[in-house]
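Trainee: Please pick one spot for a close look. Then connect that spot to its surroundings, step by step.

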Amino acid sequence: MMCKYVECKEENIGGDFLYCVGICDDAENICSHIETIILEYARANNIKLETEIWYSGESLCNYLENSRQPDILFLDIELFSMNGIDAADFIRNKLDNRQMQIIYISGKDTYAKQLFKTQPMDFLVKPISDKDIKTSLDTAIKLLDKTNGKFRFQYGKDFYYIPFSEIMYFCSDKRKIIIQTLKSELCFYGKLCDIKDSLPTYFIPIHQSYIVNQNFIIHYTYDLITLANDEMLSISRRYQKEVRTKLINEDMN
């Protein structure tokens, strides 16, 4: 097993965050190529991560059973002895790890039925392009950010990580999105429609310009909500029924 670590300068809110990306393939040149692209991606996007490499399914599983398990795993299917599907089954069922984002790599494209049971995030066919690796990484990191409870955004050259639990709402103001917390206000360039699907389910749209964390709502009527900081926001007619239904269901639970 080999390990490399990349540290990037950044502004962190709510603590540090580090991704672990694993690569398991019996071909050293393929591992090296994937690792190079991963490290390039990390530097370009100012992301802290470490990489770990295994050259067999057995060494991968032995390590995972006793050490930290990667957040993302590029896993070759055609490994000697223990193949990639068996290794993924070990991860999902023996280790009971359902959060790891598994990206299968293979020289064939005929494994659809076998792969379904191990819930892979993606499937890349060799020879793997740099673009495919970066696209898969991008998707995996977005899924991990949502699962692990942090929203990642960039403003200028600075990168920020802020826990979803601290965000009261997102507000669209022309070309900017404002993030309002109890302590501060931050902003970045973007559109609400582009971030909506990356948010946990307790964030609800109340207006075309607002997505609110319902955990901060302390009072609501049909057309108005009051937040923990006593700020009041209007619920547009378009969202009134949807918001009321969601909040009532939440109260019942």
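## An exposed serine and its surroundings

Mentor: At 69% relative accessibility, S81 counts as exposed, because the cut-off for that class is over 50%. Keep in mind that this is a predicted model.

Start with the backbone of S81. Its phi is positive, about 60°, although S81 is not a glycine. Why pick out that sign? Most residues other than glycine have a negative phi, so a positive one deserves a look. Now place the residue. S81 sits in the loop that runs between β4 and α3, the helix of residues 84–94.

Step back along the chain to β4. This strand covers residues 72–76, and D76 belongs to it. Is D76 buried or exposed? D76 counts as buried, because its relative accessibility is 1% and the limit for buried is under 20%. So β4 holds a buried D76, while S81 in the loop that follows β4 is exposed. D76 also has a distant partner to check. G107 is 31 residues away in sequence, yet the two C-alpha atoms are 8.9 Å apart in space.

Next, compare S81 with N46. N46 too is not a glycine, and its phi is positive, about 55°. N46 lies in a loop as well, the one between α1 and β3. What about its exposure? N46 counts as buried because its relative accessibility is 10%. S81, by contrast, counts as exposed at 69%.

Follow the chain on both sides of N46. The residue comes just after α1. That helix spans residues 28–44, 17 residues in total. From first C-alpha to last, α1 reaches 24 Å, close to the 24 Å expected at 1.5 Å a residue. Its buried residues are C31, I34, E35, I37, I38, L39, Y41 and A42.

On the other side of the loop comes β3, residues 49–54. Six of its six residues are buried, and the strand is described as mostly covered. In a regular strand the side chains alternate between the two faces of the sheet. Check both faces of β3. L49, T51 and I53 are buried on one side, and E50, E52 and W54 are buried on the other. The neighbour of β3 is β2, residues 19–24. The two strands run parallel, and six bridges join them. One pairing to find is C20 with its bridge partner E50 in β3.

One more backbone point deserves a stop. Most peptide bonds are trans. The bond between K126 and P127 is cis, with omega about -5°. P127 lies in the loop between β6, residues 122–125, and α5.

That leads to the largest pocket, since α5 supplies the largest share of its lining, six residues. The volume is about 620 Å³. Of the 26 lining residues, K142, F151, R152, I195 and S198 are the closest to the centre. At least two lining residues each come from α5 (130–148), β7 (150–155), β11 (185–189) and α6 (192–195). By class, the lining has 12 nonpolar, 10 charged and four polar residues.

From the pocket, β11 takes you into a sheet. Five strands form an open, antiparallel sheet in the order β11-β10-β9-β13-β12. Its edge strands are β11 and β12 (203–207), and each pairs on one side only. On average, neighbouring strands here are turned by 20° against each other, direction ignored. Look inside this sheet at β9 (167–173) and β13 (210–213). They run antiparallel and are joined by three bridges. Y169 stands opposite V212 in β13.

Finish with the three-stranded sheet. It is open and antiparallel, in the order β14-β15-β16. The edges are β14 (217–220) and β16 (232–234), each pairing on one side only. Its twist averages 25° from one strand to the next. Three bridges join β14 to β15, residues 224–227. Across that pair, I217 stands opposite L227 in β15.

Terms used: Residues numbered from 1 in each chain as written. Predicted model: local features only at pLDDT ≥ 70, side-chain atom pairs only at ≥ 80, totals over all residues. Heavy atoms only, no water. Pairing = 2+ DSSP bridges. Helix = DSSP H or I, 4+ residues; strand = E, 2+ residues; numbered from the N terminus. Axes fitted to C-alpha atoms, helices over the stretch in contact; angles between N-to-C directions. Expected span 1.5 Å × (residues − 1). Buried < 20%, exposed > 50% of the residue type's maximum accessible area, 1.4 Å probe, protein only. 1 Å grid on protein atoms, 1.4 Å probe; cavity = no way out; pocket = protein on both sides within 12 Å on 5 of 7 lines; lining within 4 Å. Points joined across faces, edges and corners; volume = space filled by probe spheres on them. Nonpolar A, V, L, I, M, F, W, Y, C, P; charged D, E, K, R; others polar.
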